[in-house]
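Work through the exercises below with the sequence and the 3D structure at hand. Each task is followed by a solution in steps.

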Amino acid sequence: MCFSLLQIPRCKIHTLTNSWWGNLYKFGRGSVCNSSFKVLGSDKYEFEGGYSKRWIRRSVITETGGNKNTLSSKTSIRHEISEETSSIKLNTYELETTEIERSRYYVQQKIADNKDLESLVTFIVFDIETTGFGRENNRIIEIALQDIRGGENSTFQTLVNPGRYVPNTHIHGISSNMVNRSGVPRMEQLIPILLQYIQSRQIPGGDVVLIAHNARTFDVPFLKREFSRSSYEIPPDWLFVDTLPLARAVMKSKGSKVPSKVSLQALREYYGIPLVGSAHRALSDVHSLALVLQRLTYDLKLPISGLLESSFK
DNA sequence: GGCCCTCTTTAGGGCCTT
């Protein structure tokens, strides 16, 4: 359904000042069909549609056990401790700062080295459903990814067995019975498959950019914690982009009140993107975010190089 | 937890993610 939007006839290419812009942005807007532009690529970056079975990597399809409408599936001593703690925090901060600087340098160097970024970068939108917000006491129960270039196996979705009760079924519709079963992979079983899938989408010599809404403070730390529990590390060549600050920037530029207009649902409604499937299911939210991302990058006049510069490791 | 805004910065509250 959402992909039918992409079939809307394109009428005219905007004249854009940024040289990247003309090459990268193309998208037909249903309600404003006087424009067309490429999004994150040339024709090969267009989405393709339908929730056909061929969308799903069969090796990780899991049984949902139910809803088939859901998408496939511190005194002196105290003072000393305080000083020591501060020192540790400071060191951690310095390490993090160094890592950010390295990441920024890495991206800028990549941009400088590669004139044809479009053909080298793989953009993958992803989303996770979890048993709660805190990453220390909760687990991932569903994960979905979508390579925005489209093509065969462009999406990946699976439930994840958390090995524990799911207390927030009322949010996403995923119950304990759906995930705590033998046919659903545990995170340690899933990670190798996930790594293999993303590698299969990666262009040799190119980078992978994983995009999520509120990625910086939720999805990425959560994913990193799950990898750590399974004795894995996030691959060093993965970059992440958070669409939340992009959305805030767009809403600010439109004069909207930033705090109340930047949830994924609010953005979907703002851009008139129809909901396909159930909200708060990973694949449904991924499809929504992929379309939201197109609008955000368009509104911000953000080329691939700009999107890359907003990435973090 | 990080980011943003305001009735602000020596702070507090709201939003976002499930």
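## Exercise 1: A loop lysine

K301 is a residue of the loop that runs between α9 and α10 (304-309). The model used in these exercises is predicted.

Task: Describe the backbone, the exposure and the ring contact of K301.

Solution.
- Step 1. Most residues other than glycine have a negative phi.
- Step 2. Phi of K301 is near 55 degrees, a positive value in a residue other than glycine.
- Step 3. The relative accessibility of K301 is 44%, so K301 counts as partly exposed; the class lies between the limits of 20% and 50%.
- Step 4. The charged end of K301 sits over the ring of Y298, 5.1 Å from the ring centre.

## Exercise 2: Two residues of another loop

Task: Place S231 and Y232 in the chain and state whether each is buried, partly exposed or exposed.

Solution.
- Step 1. S231 lies in the loop between α6 and β5 (238-242).
- Step 2. Y232 also lies in the loop between α6 and β5.
- Step 3. S231 has a relative accessibility of 69% and therefore counts as exposed.
- Step 4. For Y232 the relative accessibility is 30%, so Y232 counts as partly exposed.
- Step 5. S231 has a phi near 60 degrees, a positive value in a residue other than glycine.
- Step 6. Between the C-alpha atoms of Y232 and I140 there are 15 Å, with the two residues 92 apart along the chain.

## Exercise 3: Aromatic rings

Task: Find how many aromatic pairs the structure holds, and classify the pair of W238 and F240.

Solution.
- Step 1. A pair of aromatic rings is described by the distance of the centres and the angle of the planes.
- Step 2. There are 9 aromatic pairs in the structure.
- Step 3. In the pair of W238 and F240, the ring centres are 6.5 Å apart and the planes stand at 75 degrees, so the pair is edge-to-face. The cut-off for that class is over 60 degrees.
- Step 4. W238 has a relative accessible area of 4% and is therefore buried. F240, at 2% relative accessibility, counts as buried too.
- Step 5. Ring pairs join W238 and F240 with F126, F227, Y232 and F312 in a cluster.
- Step 6. One ring of this cluster, that of F312, has the charged end of R216 over it, 4.1 Å from the ring centre.

## Exercise 4: The second largest pocket

Task: Give the volume of the second largest pocket and describe its lining.

Solution.
- Step 1. Rolling a probe the size of a water molecule over the atoms shows where empty space is left.
- Step 2. The volume of the second largest pocket is about 680 Å³.
- Step 3. Its lining is made up of 26 residues, and D127, E129, F133, H280 and D285 lie nearest the centre.
- Step 4. Two or more lining residues come from each of β1 (122-130), α3 (169-172), α6 (215-229), α8 (264-270) and α9 (282-299).
- Step 5. Of the elements, β1 gives the most to this lining, with 4 residues.
- Step 6. Sorted by class, the lining has 10 nonpolar, 11 polar and 5 charged residues.
- Step 7. D285 is placed in helix α9. Its relative accessible area is 10%, so D285 is buried.
- Step 8. D285 and D219 are 66 residues apart along the chain, and their C-alpha atoms are separated by 13 Å.

## Exercise 5: An arginine side chain

Task: Which backbone oxygens does the side chain of R201 reach?

Solution.
- Step 1. R201 belongs to helix α5 (residues 187-201).
- Step 2. With 12% relative accessibility, R201 counts as buried.
- Step 3. A polar atom of the R201 side chain lies 2.8 Å from the backbone oxygen of E152.
- Step 4. The backbone oxygen of N153 is reached by the side chain of R201 at 3.2 Å.

## Exercise 6: Separation in chain and in space

Task: For F123 and for I174, set the separation along the chain beside a C-alpha distance.

Solution.
- Step 1. F123 is in strand β1 and, at 0% relative accessibility, counts as buried.
- Step 2. F123 and E136 are 13 residues apart along the chain, and 28 Å separate their C-alpha atoms.
- Step 3. I174 lies in the loop between α3 and α4 (176-179) and, at 0% relative accessibility, counts as buried.
- Step 4. I174 and I141 are 33 residues apart along the chain, and their C-alpha atoms are separated by 8.0 Å.

Technical notes. Residues are numbered from 1 along each chain as its sequence is written. Chains are lettered from A and ligands numbered from 1 in the order in which they are written. This is a predicted model: local features need pLDDT of at least 70, side-chain atom pairs count only at pLDDT 80 or more; totals for chains, interfaces and linings use all residues. Side-chain values use heavy atoms; hydrogens and water are left out. Rings of Phe, Tyr and Trp (its six-membered ring) pair if their centres lie within 6.5 Å; planes under 30 degrees apart count as stacked, over 60 as edge-to-face and the rest as tilted. Buried means under 20% relative accessible area, exposed over 50%, partly exposed in between (1.4 Å probe, protein chains only). A charge sits over a ring if NZ of Lys or CZ of Arg is within 6 Å of the ring centre and within 35 degrees of the ring normal. On a 1 Å grid over the protein atoms alone, a cavity is a set of points where a 1.4 Å probe fits but cannot get out, and a pocket is an open set with protein on both sides within 12 Å along at least five of seven lines; lining residues have an atom within 4 Å of a point. Grid points are joined across faces, edges and corners, and a volume is the space filled by probe spheres set on the points. Ala, Val, Leu, Ile, Met, Phe, Trp, Tyr, Cys and Pro count as nonpolar, Asp, Glu, Lys and Arg as charged, and the others, Gly among them, as polar. A polar contact is a pair of N or O atoms within 3.5 Å; within protein, one must be able to donate a hydrogen and the other to accept it, and residues adjacent in sequence count only if both atoms are side-chain atoms.
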